[in-house]
Amino acid sequence: MSMILTIADLKDLARRRVPKMFFDYADSGGWTESTYRANEEDFHKIKFRQRVLVDMSNRSLESTMIGEKVAMPVALAPTGMTGMQHPDGEMLAAQAAEEFGVPFTLSTMSICSIEDVASVTKKPFWFQLYVLRDKDFVLNLIDRAKAAKCSALVLTLDLQILGQRHKDIRNGLSAPPRFTPKHIWQMATRPGWCIGMAGTKRRTFRNIVGHAKGVGDLTSLSSWTTEQFDPHLSWNDVAWIKERWGGKLILKGILDKEDALMAAKTGADAIIVSNHGGRQLDGAPSSIEVLEEIADAVGDTIEVHMDGGIRSGQDVLKALCLGAKGTYIGRPFLYGLGALGKEGVTKALEIIRKEMDITLALCGKRLVTDMGKDQLWR
Ligand code: FNR
């Protein structure tokens with residue numbers, strides 16, 4: 001554990017502990033994966049100004065996201081099938097985030113349900129919603145998130161149709177997973193993972209099975225899932241969801257200035273500048289590349305968050321400098337979870353916190369909230 005110093009170290013360990021098809025599910029992007037790669041690579045083009053002989057004592061990474069106090073402005077992004085990286089993955093990640101003091105976002109496509117996560121946490125978590133064709137199911141999901149006292153709804157806008165990921169196709173990964181001899185071999189070579197899975201009853205999409213009409217088992221879930229993403233969605237849908245939900249609303253998947261301006265008009269509390277971790281439109285720009293333009297365009301009309309490619313505390317600070325009030329990590333916490341369960345998620349957060357703290361000091365700042373464009377070397 002003491003030699004795990006970076007998110008890349010956690011990734012290496014996760015690769016050795018998680019069956020290939022599930023590791024690849026996390027570690028994949030759309031088509032050529034150019035946007036997936038750009039998300040990480042473009043951070044390296046941004047440089048800080050180093051400052052010396054300024055008071056660097058009493059530093060603080062504390063901030064707020066949509067008015068909620070956070071130990072550092074880094075939330076856990078919603079990720080589907082997290083419970084396949086590690087048994088009860090969503091419950092463990094939510095607990096790690098709660099103990100650390102950062103928000104956890106549960107995906108609609110999670111393995112553990114809203115109620116499962118609520119049963120092991122004390123503070124409110126956030127819930128991510130996909131607007132599916134079955135509107136009764138969507139309304140019911142919103143009501144379940146309210147009943148579980150979720151404090152924000154994260155509405156994902158960039159998955160009206162599913163992007164194509166070659167690794168998943170080549171691995172024969174389906175939702176829900178259907179296992180061939182190749183998969184069984186992949187799992188058999190990861191005995192720790194298998195033992196854990198055998199010991200949990202949470203192995204399917206528990207937000208959906210038993211709740212969506214006609215979905216009572218894995219077979220019916222498979223055909224339901226493929227039909228459900230809704231190409232007809234429009235900005236009007238944001239209005240009825242906002243009304244039904246009635247709480248804090250975050251719109252996720254904005255990558256264009258015009259869309260950001262439309263989002264600000266909806267009265268939502270925040271947008272997430274995001275390309276779904278490079279999993280949807282391959283060939284789109286990286287999130288960090290468009291962040292500044294979007295943040296400048298919306299000004300103070302709506303809070304701006306971002307995700308995509310963050311692999312270090314330095315990346316978080318760069319995003320803050322370019323106009324984000326908060327950030328999210330997807331794969332970094334999934335690698336931690338796959339590597340070491342709950343401890344691994346905590347480790348991912350600790351790595352990022354340490355990198356943020358040291359960088360803040362070497363930039364001559366004491367407060368994370370003071371990081372702005374003037375801190376970048378251009
Ligand atoms: C995702 N993402 C995602 N987003 C969402 O709104 N709902 C979801 O169910 C999922 N599922 C999902 C699964 C996996 C395996 C990954 C890697 C990502 C996108 C996610 O919320 C976030 O936008 C990206 O993960 C951010 O990029 P990084 O931090 O992974 O580079």
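These questions and answers walk through the sheet, the core and the ligand shell of a predicted model. Local features need pLDDT of at least 70 and side-chain atom pairs 80 or more, while totals for chains, interfaces and linings use all residues. Numbering starts from 1 along each chain as its sequence is written.

Q: What makes β7 and β8 a pair?
A: Pairing takes at least two bridges found by DSSP between two strands. Strands are DSSP runs (E, at least two residues), numbered from the N terminus, as are helices (H or I, at least four). Five bridges join β7 (residues 152-156) to β8 (residues 248-254), so they pair. One of the partnerships is A152 with K248 in β8.

Q: Why are β4 and β5 called edges?
A: The open, parallel sheet runs β4-β11-β10-β9-β8-β7-β6-β5. β4 (74-76) and β5 (105-106) each have a single partner strand, so one side of each lacks a neighbour in the sheet.

Q: What makes a set of residues a nonpolar core?
A: Its members are buried Ala, Val, Leu, Ile, Met, Phe, Trp, Tyr or Cys, joined through C-beta atoms within 7 Å. Buried means 20 or more other C-beta atoms within 10 Å of the residue's own, with C-beta atoms placed from the backbone. The largest core here has 110 residues, and V273 is among the six that touch the most other members. Helix α16 (residues 342-362) gives the largest share, seven residues.

Q: Which residues are closest to the ligand?
A: A residue is near if its C-beta atom, placed from the backbone, lies within 6 Å. 23 residues surround the ligand, and the closest are A77, G80, S107, G277 and G330.

Note on methods
Buried ≥ 20, exposed ≤ 12 C-beta atoms within 10 Å, placed from the backbone.
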